[in-house]
Amino acid sequence: MEQWEKFLAPYKQAVEELKVKLKGMRQDYELNRQSSPVEFVTARVKPVQSIIEKASARNIPYDRLQEGMYDIAGVRIMCQFVDDIEVICAQIRNRTDMRVVEERDYVANTKESGYRSYHLIVEYPVERLSGTVSILAEIQIRTLSMNFWATIEHTLNYKYSGEYPPEIKKRLQNAAEAAYLLDQEMSEIREEIQDAQKYYTKKRNMR
Ligand code: 0O2
């Protein structure tokens, strides 16, 4: 266990730093009185048990985990509208404190399960006592609607280990379709929503 702790220490640091930095994007927009594409940010280090299971399912030897498993450090950015995803990606690609090494577009290419999200794999340097350690981290960018679906599906996946009864599978597909339509509808009235949000923020700040 001590070995895992040592191995995961730079990942923990990376996740904490990335969370602070990406949350900072939202504060910058707010300071400039602009609608933020970032709604909220969450981050986690993959639990040891999940690392072991994934490594065994994908045949990744333990001494290749660093380059073979991208999501040991995981950050998730939630946004309101589908178009925000590209705005956030562009900002991350422009940053000098991390380097995008791979992109996976599950928004344009919905997974068979119904999963939608945009994944950026970034290389991020962490300063440790021993020097600079380069960490791979996965940044998942998704709308609130995509996140709702993925969270529910992830929970059910645990229960059924991916072998869904046909009725549940159908319901999940219907729910994925509904989430997609919700994103479309919200995009149609985006300006209306953002005007209302600006009005609300202004009123709240006057109190
Ligand atoms: P966790 O930590 O439990 O979320 P692959 O597509 O199989 O070659 P890989 O390595 O799985 O590649 O990476 P990918 O496709 O970028 O997906 C990694 C993560 O995306 C998953 O992590 C999930 O968080 C999310 N994800 C991908 N597909 C689905 C899906 O069908 N449903 C849900 N709910 N989430 C998905 P893990 O490994 O599941 O771990």
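Helices and strands here are DSSP runs, numbered from the N terminus, with at least four residues for a helix and at least two for a strand. With that in hand, let us walk through this predicted model. Read from the N terminus on, the elements run α-β-α-α-β-α-β-β-β-α-α-α, which comes to seven helices and five strands. The C-alpha atoms fill a box of roughly 55 × 50 × 30 Å along the principal axes. Of the 207 residues, 23% count as buried. Among contacts between residues at least 6 apart in sequence, 65% join residues at least 24 apart.

A good place to start is the interior. The largest nonpolar core holds 29 residues, and A14 and A137 touch the most other members. The elements that give two or more residues to this core are α1 (2-31), β1 (40-45), β2 (73-79), α4 (82-94), β4 (118-128) and β5 (131-143). Take A14 as your viewpoint: leaving out residues up to four places away in sequence, A14 touches A73, Y124, V126, I135 and A137. There is also a second, separate core of five residues, and M146, A150, A176 and A179 are among them.

Two of those names, A176 and A179, lead us to helix α6, where they are buried along with D183. An α-helix has 3.6 residues a turn, so residues three or four places apart point the same way. What covers the buried residues of α6? The cover includes α4, β5 and α5. The length of this helix can be checked too. Helix α6 covers residues 166-188, and at 1.5 Å a residue its 23 residues should span 33 Å; the end C-alpha atoms are 33 Å apart, so expectation and model agree.

Now turn to the strands. Strand β3 (residues 99-105) pairs with β4 in the antiparallel sense over six bridges, and R99 has E123 in β4 as its bridge partner. On to the next pair: β4 and β5 are also antiparallel, with eleven bridges between them. A hairpin of two residues joins β4 to β5, and R128 stands opposite G131 in β5.

While you are in β5, have a look at S134, which is part of this strand. Is S134 buried or exposed? It is neither in full: S134 counts as partly exposed because it has 13 C-beta neighbours inside 10 Å, whereas a buried residue needs 20 or more and an exposed one has 12 or fewer. Beyond its neighbours within four places in sequence, S134 is in contact with E123 and P125. That brings back E123, the bridge partner of R99. For a sense of distance, S134 and I88 are 46 residues apart in sequence and 23 Å apart in space, C-alpha to C-alpha.

Next comes the ligand. The shell around the ligand has 14 residues, and S113, Y115, A150, E153 and H154 come nearest. The elements that give two or more residues to this shell are α2 (48-57) and α5 (144-160), and α5 provides the largest share, three residues. By character, the shell divides into three nonpolar, five polar and six charged residues. Notice that A150 appears twice on our route, since A150 comes among the nearest to the ligand and is also included in the second core.

The tour ends in the loops. Most residues other than glycine have a negative phi. Against that background, R33 has a phi near 55°, a positive value. R33 is found in the loop between α1 and β1, and R33 counts as exposed because 10 other C-beta atoms lie within 10 Å. N59 also has a positive phi, near 55°, and its place is in the loop between α2 and α3. With 8 C-beta neighbours inside 10 Å, N59 is therefore exposed.

I60 is found in that loop between α2 and α3 (65-68) too. How does I60 count, buried, exposed or partly exposed? I60 has 15 C-beta neighbours inside 10 Å, so it counts as partly exposed. Setting aside residues up to four places away in sequence, I60 touches A55, L65, G68 and M69.

Methods:
Residues are numbered from 1 along each chain as its sequence is written. This is a predicted model: local features need pLDDT of at least 70, side-chain atom pairs count only at pLDDT 80 or more; totals for chains, interfaces and linings use all residues. A residue is near a molecule or strand if its C-beta atom, placed from the backbone, lies within 6 Å of it. Ala, Val, Leu, Ile, Met, Phe, Trp, Tyr, Cys and Pro count as nonpolar, Asp, Glu, Lys and Arg as charged, and the others, Gly among them, as polar. A nonpolar core is a set of buried Ala, Val, Leu, Ile, Met, Phe, Trp, Tyr and Cys residues joined through C-beta atoms within 7 Å. Two residues are in contact if their C-beta atoms, placed from the backbone, lie within 7 Å. The expected span of a helix is 1.5 Å times one less than its number of residues. Two strands pair if DSSP finds at least two bridges between them.
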